Amino acid sequence: MSSVKRAGPFRLILTLAVAGFVSGLVLVTVYVRTAPLILENQKAALEAAIFKVVPGSTTRKAFEVKDNKLVPFEGDGLPMEDAVFAAYDDNGVLLGYGIPSEGPGFQDTISLIYGYNPETRTIIGMEVLESKETPGLGDKIIKDQDFVDNFKALAIEPEVVSVKTGTREAANEVDSISGATISSKAVVKIINAGNEKFLPLIAAAHESEEQP
Amino acid sequence: MDAQDKLYTETMKGFWRENPVFVQLLGLCPALAVTNSAINGLAMGGATAFVLLGSSILVSLFRNLIPKQVRITSFIIIIATFVTVADLSLQALLPAVHKELGAFIALIVVNCLILGRQEAFASRNRFPYAVGDAVGMAVGFTFALVLVGGIREVLGNGSLFGFSLFGESFEPWVIMILPPGGFLTLGVLLIIFAQVKKSRDKRSALEAGKEAA
């Protein structure tokens, strides 16, 4: 602020150009440095979640959707979209599938992964990967253990439904969280959408495996 | 006033006498939005402190090089760069914190506290004073956020910094962690601060009167 005289247009343009250039350089450097770490964090979170939603599993294999069929994923790391994960125990016995799915919640997209056992046709676990639900209320879909426990043995037929808190009776019903009905319903909806999309593919893959 | 004294006053003023939230009423958006728990307030305060300190240093160092007409644009470029750096680093290094604060990190760019300090102070003062001012304001802002967040967490969830205080029998006052709770808490705190200031002004006026007599 020392100069009282007005700077000419060239000075102004030069100042902003230099500021923009330096800022761009800094941002590119930071982005290049952090991008692999960020991706790694997301993958680590997904990987940990797979083993959590399929209890007892220790190894996993990724399958991606190609031409309406599940094919083994070839490439480094984990596929982040349109994929399911077969989870096995130490002896290589298939325990179930981790199925990622996402959809609109109360505030923003909720993305979650749930475990599915094709033999008993039940859901065996659920973990929210990303959500911006209301802290203290909607985020109970992550923090409320009673709600999360709903998904430990949940029948999927005819479809998963959410019922009022404490009125769960049938095997396909989920107790909603009182005060967070919309978030609870959203989770159920997302799971049904995942079922609709992936279960036929998983069933088809199983048939072709058993009858070579 | 010698240099040491000035540095001390410029640093200390942000904490209490000119507290950014309670006295200047700046940065109210994050003060209301992310303060539903003490730990969120602390994390938001930390991120804001990083941006404020970095921007104040740069603005103060380059204050004679930036022409007056484009100063606001230049400040915003500097602030936005620091915010993006903070956003990406948090995502890479502390994903849990980033998950909690989410969109509010990016919104630090438009926190009027930060731009306000650049325009009102850093662009007119030498480097050490600018640092002192930024540190004081950042500490004051963080203090305010933790205070609001702490009150809301205790009343709305019965816990502080995640530790449960009252046990199972406590019926949480849920509205306190919802947006209205932010307005209620901040409003009550502002009344208290205004009262304190009023009585202090009265007292100093009385003393001045005595001396004059």
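Salt bridges, then. There are 13 of them over all chains, and bear in mind that this is a predicted model.

Start in chain A. Arg60(A) and Glu47(A) meet through their side chains in a salt bridge, 2.7 Å from N to O. This pair links distant parts of the chain: Arg60(A) belongs to strand 1, residues 59-66, and Glu47(A) to helix 1, with their positions 13 residues apart. Arg60(A) counts as partly exposed, at 25% relative accessibility, and Glu47(A) is partly exposed too, at 24%.

Another bridge in chain A joins Lys66(A) to Glu64(A), where the closest N and O atoms are 3.7 Å apart. The two ends differ in cover: Lys66(A) is partly exposed at 47%, whereas Glu64(A), at 17%, is buried because the cut-off for buried is under 20%.

Now chain B. Arg117(B) and Asp133(B) form a salt bridge of 2.9 Å, N to O. Here too, distant parts of the chain are linked: Arg117(B) lies in helix 7, residues 112-120, and Asp133(B) lies in helix 8, 16 residues apart. Arg117(B) is buried, at 7% relative accessibility, and Asp133(B) is buried at 1%. Both residues belong to a network of salt bridges that also takes in Lys6(B), Glu10(B) and Lys13(B).

Next, the aromatics. The count is 6 aromatic pairs over all chains. One of them is Trp16(B) with Phe193(B), a tilted pair with 4.9 Å centre to centre and 45° between the planes. Trp16(B) sits in the loop between helix 1 and helix 2 of chain B, and Phe193(B) in helix 9, 177 residues apart. Trp16(B) is partly exposed at 40%, while Phe193(B) is buried at 13%. Both are members of one aromatic cluster, together with Phe15(B), Phe22(B) and Phe143(B).

What does helix 9 of chain B pack its buried residues against? Helix 2, residues 28-33, and helix 8, residues 127-157, of chain B. Those buried residues are Gly181(B), Gly182(B), Thr185(B), Leu186(B), Leu189(B) and the Phe193(B) just mentioned. Helix 9 itself runs over residues 179-212, 34 residues in total, and spans 49 Å from first C-alpha to last, close to the expected 50 Å.

Last, the surface of chain A. A nonpolar patch of about 680 Å² is made by Phe10(A), Leu14(A), Val18(A), Phe21(A), Val22(A), Leu25(A) and Val26(A). Phe10(A) is placed in helix 1, residues 9-53, and is exposed, with a relative accessible area of 65%. Helix 1 of chain A also holds Glu47(A), from the bridge to Arg60(A).

How values were computed:
Residues numbered from 1 in each chain as written. Chains lettered and ligands numbered in written order. Predicted model: local features only at pLDDT ≥ 70, side-chain atom pairs only at ≥ 80, totals over all residues. Heavy atoms only, no water. Patch = residues over 30% accessible without salt bridge, like charges linked within 9 Å, V, L, I, M, F, W, Y side chains within 5 Å. Areas by Shrake-Rupley, 256 points an atom, 1.4 Å probe, with all protein chains shown as cover. Salt bridge = Lys/Arg side-chain N within 4 Å of Asp/Glu carboxyl O. Helix = DSSP H or I, 4+ residues; strand = E, 2+ residues; numbered from the N terminus. Buried < 20%, exposed > 50% of the residue type's maximum accessible area, 1.4 Å probe, protein only. Expected span 1.5 Å × (residues − 1). Contact = heavy atoms within 4.5 Å. Phe/Tyr/Trp six-rings, centres within 6.5 Å; stacked < 30°, edge-to-face > 60°.
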